[in-house]
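Trainee: I am new to this structure, and I would like to learn how to read it. Could you walk me through it, one feature at a time?

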Amino acid sequence: MTHKLGYQMAGVAIALAVWEIVGRAIGPDLFAPPTVVFPEWIVLLREGQMLRELASSLRQMLVGYGLACLAGIPIGVAMGRSRLADALLHPWLSMFVVTSVASLVPLFILIFGTGFWFRASIVFVAAVWYVMLTVYHGARGIEPRFVDVGRSFGASRWRAFRTILLPALYPYVITAMRIGLVHAIRAMVVAEMFIIVGYGGLIYRAGLSTSTAPLLALLFTLMLVGVIANALLRGGARKVAPWYERRVGTGSPAQG
Amino acid sequence: MNLIRGARGLALTGVSLLLGLALWQWAAHDISRVVFAPPTAVLARLFADTINGVLPLALLYSLATLAIGFLLAVVIAVPLGFAIGRSAKVAAMADPVLNAIYAVPPVAMVPFLIIWFGLFFEARVALVFLMSFFEILVTVAAGARNVEPTLLAVGRSFGAQRTRLVTRVMLPASLPFVFAALRVGLVRAINAMITAELFLAAVNLGAIMKHAAQKFDTAGLLAVIVLLCLVGLVAQAGLKALEARLLPWHVRQ
């Protein structure tokens, strides 16, 4: 285990060294090296605007993401356990899941304007289909024997659902929430960069400055948000379902 | 039996599509505050703009960008993914770096692309490359890592050398993952294509959308969205058919 940690740290060190060398070679106006970006990041951290914008953007994102989980998880379960729900919803799910979020942005601006609900709803449509799809695959793949055993020991349908299906679903629900979060954060940035508000607007404006250091500092913060949120969800997963890591592994959220 | 089930599935899909379209038509009537085009208007627009050549031509130019960016990503990401997944040490080293890069939304890289490549063709290709590259890399690396150890053990005990083991055992065993990676990557590439056309200089399909948005023409917007969705579905189905031909031993659900 410590062995692996050593390799991981070596990997990060090598990546930073390469970034530093490349950054120094081509200059901060094209690609600022870490030794320039980090002091800039501290400055932005002290100024406070970066964190204020981030907090307000994340608040709106969480509304859309929360609604996506609330809608996507039960519908995904229903699709996974009922043939009829699957047949009726699946064609639309496969269509929506390939639809690009960016292509929806102009339409959503016409419908919702550029306020709170525009951003929340873009995040919602970006995340909900992935949450649904992941939960669906999980619910469909549950060993029928588990349910059969429960039923033959006299469990009612509801009891079988609550005590057998639901715990078996936890790992997939959490995976779905992780995948959904990745898409939610991406959608937040897409929506905000398009109308140049919030954290995405900050990124857009940083792109216009002469040095790439502030831009990279902003991206670094965003990266930290993604990594920390993922770690929190994983930590939560270990609490509610200690069998989680074994079931779904630690692979990256890649699902189409 | 299978035929009956297939026919029933097809019928249910038809019912689902009709129900959804009916719902959309009904909802479009009820939203009076802004005009939200009903499916009949969108289909009419899609048909008209296909006949007069506006949409096909724009799509053709968009697809050229897509093809170049996606092929570049495949050519680089697939071998690199194998290289990372093949060795546990390299994988451990690459993991935190890839996770960190993966956590950054690719659209946030757009300012960079503008600085490096400008606003036009090169920048669009670069965004397509960027958005599909990491998706393919991560999936292929995971696939190469998860090759059944028994397969490798059998190969080794039959005296296969390292290169032979890679080309004859590892490669075929991880081809399903390569296809999974291509499918995910292609959808991402299509998304990247329209993202680039909207976020950089508006051209092709992106320009059509921007004009439609300025005229509050939701039918025009939805026509492009539906077209893109169809392109995504056709691309996925094409890759699935190719996979079934090339990897008949690997049957997917």
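**Reading the model step by step**

Mentor: Gladly! Let us begin with confidence: chain A has an average pLDDT of 86, and 94% of its residues score at least 70. Keep in mind that this is a predicted model.

Trainee: Where in chain A does pLDDT stay under 50?

Mentor: A general idea comes before the case: where pLDDT is low, the predicted coordinates should not be read in detail. In chain A, the stretch to treat this way is residues 249-256, where pLDDT stays under 50. The model has 20 contacts beyond four places in sequence for these residues.

Trainee: Next, the meeting of the two chains. How many residues does each chain bring to the contact?

Mentor: Count each side on its own. Chain B brings 57 residues and chain A brings 46. On the chain B side, the elements giving two or more residues include helix H1 (2-30), helix H6 (121-145), helix H8 (162-199) and helix H10 (218-246) of chain B. Then look at the chemistry: that side of chain B has 41 nonpolar residues, eleven polar ones and five charged ones.

Trainee: And which domains does the assignment give for chain B?

Mentor: The domain assignment gives domain 1 (1-33) and domain 2 (38-246). Taken over C-alpha atoms, the centres of these two domains of chain B are separated by 29 Å.

Trainee: Now helix packing, please. At what angle do H8(B) and H9(B) pack?

Mentor: For a helix pair, read the angle together with the distance between axes. H8(B) and H9(B) pack at about 55 degrees, and their axes are 8 Å apart. An angle from 35 to 65 degrees falls in the oblique class, so H8(B) is oblique to H9(B). The crossing of H8(B) past H9(B) is right-handed. H8(B) contributes Ile194(B), Glu197(B) and Leu198(B) to this contact, while H9(B) contributes Asn204(B), Leu205(B), Gly206(B) and Met209(B). By type, the residues of the contact are four nonpolar, two polar and one charged.

Trainee: How do the axes of helix H3 (residues 54-86) of chain B and H9(B) cross?

Mentor: They cross at roughly 130 degrees and come within 7 Å. That angle makes H3(B) oblique to H9(B). From H3(B), the contact takes Ala58(B), Leu59(B), Tyr61(B) and Ser62(B); from H9(B), it takes Asn204(B), Leu205(B) and Ile208(B).

Trainee: How many residues of the contact of H3(B) with H9(B) are nonpolar, polar or charged?

Mentor: Five are nonpolar, two are polar and none is charged.

Notes. Residues numbered from 1 in each chain as written. Chains lettered and ligands numbered in written order. Predicted model: local features only at pLDDT ≥ 70, side-chain atom pairs only at ≥ 80, totals over all residues. Contact = placed C-beta atoms within 7 Å. Helix = DSSP H or I, 4+ residues; strand = E, 2+ residues; numbered from the N terminus. Nonpolar A, V, L, I, M, F, W, Y, C, P; charged D, E, K, R; others polar. Domains from an automatic or database assignment. Axes fitted to C-alpha atoms, helices over the stretch in contact; angles between N-to-C directions. Parallel < 35°, antiparallel > 145°, perpendicular 65-115°, else oblique. pLDDT = per-residue confidence, 0-100. Left-handed = near helix turned anticlockwise from the far one by under 90°.
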